[in-house]
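Below are some notes on the model, set out point by point. Please read them with the structure open.

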Amino acid sequence: LGNMTEAELYFSYKGVYVPKLIHSPESFSFLENFPFRHDDILVVTYPKSGTTWSQEILPLIISDGDMTPVLTIPNWDRMPWLEEHRALKLNLEQRPSPRLFVTHCHYYMMPESFFKVKPKVIYIMRNPKDVFTSSYPFYAMASYMVNPGTKDEFLEKFLDGTVIFGSWFDHVKGWLGAKDQVNIMYISYEEMILDLRASITKISHFVGKSLTQEVTEKIADHCMFTNMKQNKMSNYSLVSSEILDQKKSEFLRKGVIGDWKNCLTEDQVARFDSVYKERMKDVNFKFIWDE
Ligand code: A3P
């Protein structure tokens, strides 16, 4: 398995690689024809930017802090990816509003109904060096991903976008460009780490919920890395070790800001910075990691 190539494990959809185990042409066609509701809530992320975390936070905001959904339903069913096989089986049209979804799709991959209906979107961004640092062990522990090779090799693939869901730069630039066309809130993984309570309040206002201080604190406490990691409905321990080998690297790995400093050499940082500078030169957004 460790030697399987992109051609064997992935297929291309609208110019990006996606793993065959999780997606199919049918699953993307489901997304293309998906009838959104205006009160749907969609979290959009580039992989390894806080998706699983959002699948804990949003259901708890909507349930007013009632733990039942997060303690009884796996993250991938309580807040499913719209582009995965699994979405086809979940009877999403039967779910009461507000429905909660995640997607890793680029802006240009979103279907017609999305632009007509304008559901609420929360776009979570993370320092790409930490995204890289989180991705590297993930590609090695997930059987459906191409083995990352050496760190230098994987760095070139990451910077080039020949990884699943394509380029981080294109993903972020595409969704930042969405500002006026869709109902969108931007937040970063870093903001969530630095002040989880304030982030929960910000998200809950955006989705039209007002929580008491007590409930906000209860949610923040449960969603802290060390606590959430104990939740078997969210830590991927329900997935067989043949698919996700958590002995190699845990899915909820470290949950910190700046682990790239332990991962990248000086040369790799310089290489990253030069590509970052070039690819982001036309972006005006103030990223917390650039400050
Ligand atoms: P690390 O590998 O840096 O630890 P995604 O869910 O988009 O795949 O992102 C996974 C990353 O989010 C992992 O980063 C994981 O540990 C982190 N993460 C998940 N839950 C978290 C939480 N409650 N607090 C902080 N980080 C969390």
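1. Valine 43 has valine 102 of β4 opposite it. The model is a predicted one, and the remarks that follow should be read with that in mind. The strand pair concerned is β3, residues 41–45, with β4; four bridges join the two, and the pairing is parallel.

2. This pair belongs to an open sheet of four strands, ordered β4-β3-β5-β6, with parallel pairing. At the edges are β4 (100–103) and β6 (183–188), each of which pairs on one side only. From one strand to the next the twist averages 20°.

3. Helix α3 packs on this sheet, where it touches β3, β4 and β5 (120–125). The direction of α3 makes about 165° with that of β4.

4. A second partner of α3 is helix α12, residues 213–223: the two pack at an angle of about 160°, and their axes are 10 Å apart. Angles over 145 degrees count as roughly antiparallel, and α3 and α12 are therefore roughly antiparallel to each other. Their crossing is right-handed. On the α3 side the contact is made by Trp53, Glu56, Ile57, Leu60 and Ile61, and on the α12 side by Ile219, His222 and Cys223. Sorted by class, this contact between α3 and α12 has six nonpolar residues, one polar and one charged.

5. Which residues come nearest to the ligand? Of the 18 residues around the ligand, they are Thr51, Thr52, Ser134, Arg253 and Gly255. Two or more residues of the shell are given by each of α3 (51–62), α7 (128–141) and α13 (225–228). The most come from α3, which gives three residues. Helix α3 thus appears in three settings: on the sheet, against α12 and in the shell around the ligand.

6. By class, the shell around the ligand is mixed: six residues are nonpolar, seven polar and five charged.

7. Another strand pair is formed by β1 (residues 10–13) and β2 (residues 16–19), which run antiparallel and are joined by four bridges. Here tyrosine 10 stands opposite proline 19 in β2. The hairpin of β1 and β2 has two residues between the strands, and lysine 14 takes a positive phi near 45° in the hairpin.

Technical notes: Residues are numbered from 1 along each chain as its sequence is written. This is a predicted model: local features need pLDDT of at least 70, side-chain atom pairs count only at pLDDT 80 or more; totals for chains, interfaces and linings use all residues. A residue is near a molecule or strand if its C-beta atom, placed from the backbone, lies within 6 Å of it. Ala, Val, Leu, Ile, Met, Phe, Trp, Tyr, Cys and Pro count as nonpolar, Asp, Glu, Lys and Arg as charged, and the others, Gly among them, as polar. Two strands pair if DSSP finds at least two bridges between them. Axes are lines fitted to C-alpha atoms, for helices over the stretch in contact, and angles run from 0 to 180 degrees between N-to-C directions. Two residues are in contact if their C-beta atoms, placed from the backbone, lie within 7 Å. Angles under 35 degrees count as roughly parallel, over 145 as roughly antiparallel, 65 to 115 as roughly perpendicular and the rest as oblique. A crossing is left-handed if the near helix is turned anticlockwise from the far one by less than a right angle, and right-handed if clockwise.
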